[in-house]
Amino acid sequence: MRASGLRRPRGDAPTRARVVRSILENGPSTAAALAERLELTAAAVRRHLDLLLEEGIVESREERVYGSRRRGRPARVFCLTDTGRDGLDHQYDALAVDALRFLSETGGEEAVTAFARRRMESLEGEFDELAAARPELSPAQVLAEVLSQRGFAAAVRQLPMAEQLCQQHCPVAHVAAEFPQLCEAETEVIGQILGRHVQRLATIAHGDGVCTTSIPKLQEPIHEQNRESHS
């Protein structure tokens, strides 16, 4: 007797892995966006998504819109669940959590905060090195490249008044859920490197599909704007 439910052809596993990787690298995605990126039919993508939904690797939610909401029903996007992320690189989470718990118990919250800041100190050196090698990149793009090299799958989204640094993956999400000092230190260092106040809008550690940091664009001095208007 043929088993009931969805069948899982072995040959489809590599394609499902591509779907998962695309969501990891690009963040919560609609079925249509996945089909376009992977050069698959919409029907094929939905079949793979159905299997990934059943296995608990992805979940479907309404697309989060920043700014004015478009007309019509919000689009459905697919994002990785904790189970899906577990299959990537969280094998050391339990050890890291135990270590930070011990540090908190023996040294207090200040010790955890100091550790979180120390962990991010090398980011500035890596930023300076890459900025010198890739002068065509903006500071935010350089930072995204550095974070991607650390496994954060980061990219920059351009908005009228700000840039958004979007980290589609967080290798320490489970740890940061218990120790938010990791996210706070990261945000602090991002602001220091870019030389401006930045604002964390969302984090994977707190259940969002992507870590999003708003980076306000530098405004031209008023006298420079006046000079251009009179030229």
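The following exercises, each with a worked solution, concern a predicted model of a protein.

**Exercise 1. Overall composition**

State how many helices and strands the protein has, and what share of its residues is buried.

*Solution.*
Step 1. The secondary structure consists of 10 helices and 6 strands.
Step 2. The protein has 231 residues, and buried residues make up 39% of them.
Step 3. The accessible surface comes to about 13,800 Å², and 51% of this area belongs to carbon and sulfur atoms.
Step 4. Among contacts with a separation of 6 or more, 53% link residues that are 24 or more positions apart.

**Exercise 2. The nonpolar cores**

Identify the residues that touch the most other members of the largest nonpolar core, and the elements that each supply at least two of its residues.

*Solution.*
Step 1. The largest nonpolar core has 35 residues, and those touching the most other members are L123, L143, L147, L165, I193 and L194.
Step 2. At least two residues of this core come from each of helix 5 (93–107), helix 6 (109–133), helix 7 (139–149), helix 8 (173–178), helix 9 (181–194) and strand 6 (211–216).
Step 3. Helix 9 supplies the largest share, 7 residues.
Step 4. Consider L123 in detail. Leaving aside residues up to four places away in sequence, L123 touches L143, V146, L147, R150, V189 and I193.
Step 5. A second core is separate and has 14 residues, including L24, A35, L38 and F78.
Step 6. A general tendency may be recalled here: in soluble globular proteins, nonpolar side chains tend to be buried together.

**Exercise 3. Two helices in contact**

Decide whether helix 5 and helix 6 are parallel, antiparallel, perpendicular or oblique.

*Solution.*
Step 1. Two packed helices are described by the angle between their axes and the distance between the axes.
Step 2. The axes of helix 5 and helix 6 come within 6 Å and cross at roughly 130°.
Step 3. Angles over 145 degrees count as roughly antiparallel and 65 to 115 as roughly perpendicular. The crossing angle of roughly 130° therefore makes helix 5 oblique to helix 6.
Step 4. At the contact, L100, L103, S104 and G107 in helix 5 meet E109, E110, A111, V112 and F115 in helix 6.

**Exercise 4. Paired strands**

Determine in which sense strand 1 pairs with strand 2, and strand 3 with strand 4.

*Solution.*
Step 1. Strand 1 (residues 58–62) pairs with strand 2 in the antiparallel sense, over 5 bridges.
Step 2. Within this pair, S60 stands opposite F78 of strand 2.
Step 3. Strand 2 (residues 76–80) is mostly covered, as 4 of its 5 residues are buried. F78 is also one of the residues of the second core.
Step 4. Strand 3 (residues 154–158) and strand 4 (residues 162–167) likewise pair in the antiparallel sense, over 5 bridges.
Step 5. A hairpin through 3 residues joins strand 3 to strand 4, and Q158 has E163 in strand 4 as its bridge partner.

**Exercise 5. Positive phi angles**

For E39 and A153, give the phi angle and decide whether each residue is buried or exposed.

*Solution.*
Step 1. E39 is not a glycine, yet its phi is positive, at about 55°.
Step 2. E39 is placed in the loop between helix 2 (31–38) and helix 3 (42–54).
Step 3. The cut-off for an exposed residue is over 50% relative accessible area. E39 has 74% relative accessibility, and therefore counts as exposed.
Step 4. A153, also a residue other than glycine, has a positive phi near 45°. The loop between helix 7 and strand 3 contains A153.
Step 5. The cut-off for a buried residue is under 20%. The relative accessible area of A153 is 16%, so A153 is buried.

Key:
Residues numbered from 1 in each chain as written. Predicted model: local features only at pLDDT ≥ 70, side-chain atom pairs only at ≥ 80, totals over all residues. Heavy atoms only, no water. Core = buried A, V, L, I, M, F, W, Y, C linked by side-chain atoms within 4.5 Å. Buried < 20%, exposed > 50% of the residue type's maximum accessible area, 1.4 Å probe, protein only. Contact = heavy atoms within 4.5 Å. Areas by Shrake-Rupley, 256 points an atom, 1.4 Å probe, with all protein chains shown as cover. Pairing = 2+ DSSP bridges. Axes fitted to C-alpha atoms, helices over the stretch in contact; angles between N-to-C directions. Parallel < 35°, antiparallel > 145°, perpendicular 65-115°, else oblique.
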